Amino acid sequence: MSRAFILLLDSFGLGALPDADKYGDTGANTFGHIAAWAAQEGTPMALPNLERLGLAAAAHKASGEWAAGFGQRDGFTGAWGAAREQSTGKDTQSGHWEIAGVPVLFDWGYFPKTVPSFPQELTDKLQELTGVPGWLGNCHASGTTIINELGDEHVASGKPILYTSADSVLQIAAHEEHFGLERLYAVCEAAYELVKPYNIGRVIARPFTGSNGDYKRTANRHDYAVPPTAPTLLDHVKDAGGDVIALGKISDIFAGQGVTRLVKGPDNMALFDRLLEVADDAPEKSLTFVNFVDFDMHFGHRRDVAGYSNALHELDARLPEFMAKLKDGDLVVITADHGCDPTAPGSDHTREHIPMIFFGPNVAPQELPTASTFSDIGATLAKHLGVKPLSNGTALL
Ligand SMILES: O=P(O)(O)O[C@H]1O[C@H](CO)[C@@H](O)[C@H]1O
Ligand SMILES: [Mn+2]
Ligand SMILES: [Mn+2]
């Protein structure tokens, strides 16, 4: 039996990369700063299951410091280490694709931090194609803030809210009932075609509901992402006849490429429930890839340190349920795609090391060398599954 599982904690960074200063992220440390905050609150973090696997030791190796409340201990059960990003960005697509063997070595296009942020020829063309009365926003923004700032005006005028971030994205927010969900999707589809010359990674539909200055995003977010530029681990597994089971937003991130089964869930804990079901029936030579997005979407970008800490405790507490389902030959890795330090200024991702914690019934506990590319993770899983090796990365086990 050989199966592989990637449990990706979206944005769970372990400390700044050597080149973080180029990204404005000097000193960023998602895990370290959450742990420091918790200790200062008088409620130090306790993540016994992740700690036993080697998480805190990996963070120490990556950042040079022990996270508050954690220290050297005996009896690790995982093969633990951290990885550095080879891609030029610090976005979700770059992180995931690189794990799967395809680092993004070209520069994505980005929209500048000016107002307006988007080129006028782009917004004019999109207006002409979709017949909307104009645009609101047209700037860098936090998605939950801007819908409350501009929601009333959007409802009154029918103008969608356009915004972006430090990532290569064009996001369009509109009211599900007043503007219409299908209409929002149609505007995003048109935008996806128009941003191609700008080398933009994703257009994201951000529907919301509510009234009178009180608006909330719904679960009907939809991503229109460019597909990976070369075959990924997912393709290699699929081409070898294996199942590729994508939980949460994984399928969107790979534009469906290489995915054979799609499983959705509204939040981290629902996704964990789905993961347990998949662990029961995933066949031989399958890859199960789950993205726990709440860490990033609800807590990292929102700079909600308490929420992030709580979500880590919730996941840690449930890990034994998953471990109990593992079968002989299973290989699991716990990792991330970038950082999003909730104590950093602004609301963007941070350029950090990611955890690389392998475990499973046949994994010998050990310290791993710091990987110079996230692709070492995918290369290790490709070897484990016996599929075609990836064109980037080195197998570590
Ligand atoms: O502030 P919100 O809308 O959550 O946006 C975030 O979500 C986008 C996609 O993950 C990122 O680029 C980031 O800007
Ligand atoms: Mn991400
Ligand atoms: Mn994000």
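Guide: A residue counts as near a molecule if one of its heavy atoms lies within 4 Å of it, and it helps to keep in mind that this is a predicted model.

Visitor: Okay, so how many residues surround ligand 1, and which are the closest?

Guide: There are 14 residues around ligand 1, and the closest of them are G143, Y163, D167, R217 and R302.

Visitor: What kinds of residues make up that shell, nonpolar, polar or charged?

Guide: The shell around ligand 1 holds 6 charged residues, 5 polar ones and 3 nonpolar ones.

Visitor: And which strands supply at least two residues of the shell?

Guide: Both β5 (169-175) and β6 (202-211) do so, and β6 gives the largest share, with 3 residues.

Visitor: Which side chains have a polar atom 2.7 Å from an oxygen atom of ligand 1?

Guide: The side chain of D167 has an N or O atom 2.7 Å from an oxygen atom of ligand 1, and R302 places a polar side-chain atom at 2.7 Å from an oxygen atom of the ligand, while for S165 the corresponding distance is 2.9 Å.

Visitor: How much of ligand 1 does the protein bury?

Guide: Taken alone, ligand 1 exposes 360 Å², and the protein buries 98% of that; the space that ligand 1 takes is the largest cavity.

Visitor: Switching to metals, what coordinates the manganese ion (ligand 3)?

Guide: D296 contributes two OD donors, and H301 and H349 each contribute NE2, at 2.1 to 2.6 Å; along the chain these donors follow the spacing D-x4-H-x47-H.

Visitor: Where is the manganese ion (ligand 2) relative to that one?

Guide: The manganese ion (ligand 2) is separated from the manganese ion (ligand 3) by 4.3 Å.

Methods:
Residues numbered from 1 in each chain as written. Chains lettered and ligands numbered in written order. Predicted model: local features only at pLDDT ≥ 70, side-chain atom pairs only at ≥ 80, totals over all residues. Heavy atoms only, no water. Polar contact = N/O pair within 3.5 Å; in protein donor to acceptor, adjacent residues only side chain to side chain. Areas by Shrake-Rupley, 256 points an atom, 1.4 Å probe, with all protein chains shown as cover. 1 Å grid on protein atoms, 1.4 Å probe; cavity = no way out; pocket = protein on both sides within 12 Å on 5 of 7 lines; lining within 4 Å. Sits in = over half its atoms within 2 Å of the grid points. Helix = DSSP H or I, 4+ residues; strand = E, 2+ residues; numbered from the N terminus. Nonpolar A, V, L, I, M, F, W, Y, C, P; charged D, E, K, R; others polar. Donors = N, O, S within 2.8 Å, 3.2 Å for Na, K, Ca; no water.
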